[in-house]
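Biologist: Could you take me through a close look at one part of this model, the place where the two domains of a chain meet? I would also like to know how that place fits with the rest of the assembly.

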Number of protein chains: 2
Amino acid sequence: MENLNSHNMALGRRKQERNWRRQYILNVAERLFAQKGYYQTTMAEIAKASEFGMATIYRFFKSKDKIYLTLLHEKIDLLLRLVKQAIEEAQTPLEKIKAIIQVKLKFFQENRDFFRIYALHRQNIAVLVREELGKKIDRKYQEGLSILAQVIEEGIFQGEFKKFPPKEMAVLISGMIQALIHEWIKSEEEVQLTSKLPVILDFIFYGLKGEKLQREGR
Amino acid sequence: MENLNSHNMALGRRKQERNWRRQYILNVAERLFAQKGYYQTTMAEIAKASEFGMATIYRFFKSKDKIYLTLLHEKIDLLLRLVKQAIEEAQTPLEKIKAIIQVKLKFFQENRDFFRIYALHRQNIAVLVREELGKKIDRKYQEGLSILAQVIEEGIFQGEFKKFPPKEMAVLISGMIQALIHEWIKSEEEVQLTSKLPVILDFIFYGLKGEKLQREGR
DNA sequence: TCCAAATTTGAATGACTATTCTAAAATAGA
DNA sequence: TCTATTTTAGAATAGTCATTCAAATTTGGA
């Protein structure tokens, strides 16, 4: 959660307080949506839990949809930025893939509530995608997939990977990661999600049968 | 859809007609739930689309939940039986994995509507798992995962696969398959889903970098 | 053909909830 | 301190929808 104490003199106190409250509502809504799902969460609950009146919530967000889509959009956007940044810092395709996966694991390890919403959204697409914001979210999601596909294509081009269809490989790898996170959250394991990275990479690069991936220093 | 013409003299006409109508309602509901999602689908719509009155639907199913859970349960059960059967016919762990994946691809290729419901259900779990039927569904789902994990464990024991944690590998592989099917349905590709089997197997057994899987005759 | 039992219907019920409205409270400048 | 403006609260509104009900229809045997 953003810190109320992070003063930004350029914005003015009122604007800053307003931003902070807006963010507070989003955080409360995220928790509720994750716990009970979109339809089971009522505006009255969001109001109660954030200690605002109903109408106040509506002064921040035009509708329930908007709250949901906004929080989804803002965090998907953040994740995408983190992924892009991680790629820039890596050199080889293999390192880039490692970086992407590491970022995702770390991100969802720290944003469990958000994962439930993120993972579930693809179903709701039919209902919410007509909204402009819904389309934006879908585009971001596709962009994330494309980035991975490009890295794989690069690896194939460099002769580092076999000639697989890159887009399909991106889908498979994303699906693996998603399923792993899902299982991790559901089982409430103590172990860190990121600790699974070496096994995943070994599997992705060499498969069930292939040689063992030589571990580089962490 | 089951055939009204498949006479079963042991059951009697009334029983058979009733079964057929029950199945008809389930099929209609499946289509609607897949198209619009659980909450967006109303009982009135199900009644209209199946050409029954509201109250008639309620003579077949106690509630909307029950329709949803029943159709989910019956098809998951069918899929599980198909998977078990496929495994019995295969010899090596590698062949068993191939068989499992092939069965799943074929099944969802022929049951697209059902896939949307199946894939989405994991989120709804929170809401519907308190029902007895909901728990049963979850158990079936876990059983499917366990079967795959056992095959992998067998392969590791036989020295066929590397020493990976079997349960985690099962999760990764299931996630891959699920994502692939999801993408295939969304993109409405013409190509058969099962045509992707060789690539998937190559990836699972040898990874992005490893040697190419020697293709056996189909 | 006729009747009792079973089945079907869709309108009525009751509960729920997103959104709006009105009045009260807080705020900030003078 | 006073007052115009902004913000808040929560009750009222309006609509939706799962479920039930009372009446009508169909069924199958006599």
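**Where the domains meet, and what lies beyond**

Modeller: Happily! About 1,500 Å² is buried between domain 1 of chain A and domain 2 of chain A, and carbon and sulfur atoms give 65% of that area. Please keep in mind throughout that this is a predicted model. The division of chain A puts residues 1-61 in domain 1 and residues 63-206 in domain 2. Across the boundary, 16 residues of domain 1 of chain A are in contact with 15 residues of domain 2 of chain A.

Let's look at the polar side of this meeting place. Two salt bridges are found across the interface of domain 1 and domain 2 of chain A. Seven residue pairs in polar contact are found there too, counting pairs with both residues at pLDDT 80 or more. On the domain 1 side, the elements that each supply at least two residues to the surface touching domain 2 of chain A are α1, α2 (43-50) and α3 (54-60) of chain A. Helix α1(A) gives the largest share of that side, eight residues. Sorted by class, the domain 1 side has eleven nonpolar, two polar and three charged residues.

Two salt-bridge examples from chain A are worth finding on your screen. The side chains of A:Arg22 and A:Glu74 meet in a salt bridge, with N and O 2.3 Å apart. A:Asp77, A:Arg81 and A:Lys140 are joined in a network of salt bridges.

While you are at helix α1 of chain A, pick out A:Trp20, which has its place in that helix. A:Trp20 counts as partly exposed because its relative accessibility of 24% falls between the 20% and 50% cut-offs. From A:Trp20 to A:Glu211 there are 191 residues in sequence and 52 Å in space, taken from C-alpha to C-alpha.

Now for the meeting of the two chains. Here 46 residues of chain A are in contact with 46 residues of chain B. The area buried between chain A and chain B is about 4,500 Å², with 62% of it given by carbon and sulfur atoms. Of the area that chain A buries against chain B, 19% comes from A:Lys162, A:Leu208 and A:Lys209, more than from any other three residues.

Eight salt bridges are counted between chain A and chain B. One salt bridge joins A:Lys167 to B:Glu183, with the closest N and O atoms 3.8 Å apart. Chain A and chain B also share 18 residue pairs in polar contact, with both residues at pLDDT 80 or more. On chain A, the elements giving two or more residues to the side that touches chain B are α1 (13-36), α5 (93-109), α6 (112-128), α7 (132-157), α8 (166-187) and α9 (197-206). Helix α8(A) supplies the largest share of this side, 13 residues. By class, the side of chain A that touches chain B divides into 23 nonpolar, nine polar and 14 charged residues.

Let's widen the view to salt bridges over all chains, of which a search of the whole structure finds 28. A:Lys196 pairs with B:Glu168, the closest N and O atoms being 2.9 Å apart. This pair crosses between chains: A:Lys196 lies in the loop between α8 and α9 of chain A, while B:Glu168 lies in helix α8 (residues 166-187) of chain B. A:Lys196 counts as buried because its relative accessibility, 6%, is under 20%.

On chain B, B:Lys196 is likewise buried, with a relative accessible area of 6%. The side chain of B:Lys196 meets that of B:Glu189 in a salt bridge, 3.5 Å from N to O. B:Glu189 counts as partly exposed, at 32% relative accessibility.

To finish, try B:Lys96 and B:Glu154, whose side chains meet in a salt bridge of 3.1 Å, N to O. The pair links distant parts of the chain, 58 residues apart, with B:Lys96 in helix α5 (residues 93-109) and B:Glu154 in helix α7 (residues 132-157) of chain B. B:Lys96 is buried, with a relative accessible area of 12%, whereas B:Glu154 is partly exposed, with a relative accessible area of 27%.

Conventions. Residues are numbered from 1 along each chain as its sequence is written. Chains are lettered from A and ligands numbered from 1 in the order in which they are written. This is a predicted model: local features need pLDDT of at least 70, side-chain atom pairs count only at pLDDT 80 or more; totals for chains, interfaces and linings use all residues. Side-chain values use heavy atoms; hydrogens and water are left out. Contact means heavy atoms within 4.5 Å. Buried area is the accessible area (1.4 Å probe) that two parts lose on being put together, summed over both. A salt bridge is a side-chain nitrogen of Lys or Arg within 4 Å of a carboxyl oxygen of Asp or Glu. A polar contact is a pair of N or O atoms within 3.5 Å; within protein, one must be able to donate a hydrogen and the other to accept it, and residues adjacent in sequence count only if both atoms are side-chain atoms. Helices (H or I, at least four residues) and strands (E, at least two) are DSSP runs, numbered from the N terminus. Ala, Val, Leu, Ile, Met, Phe, Trp, Tyr, Cys and Pro count as nonpolar, Asp, Glu, Lys and Arg as charged, and the others, Gly among them, as polar. Buried means under 20% relative accessible area, exposed over 50%, partly exposed in between (1.4 Å probe, protein chains only). Domain bounds come from an automatic or database domain assignment.
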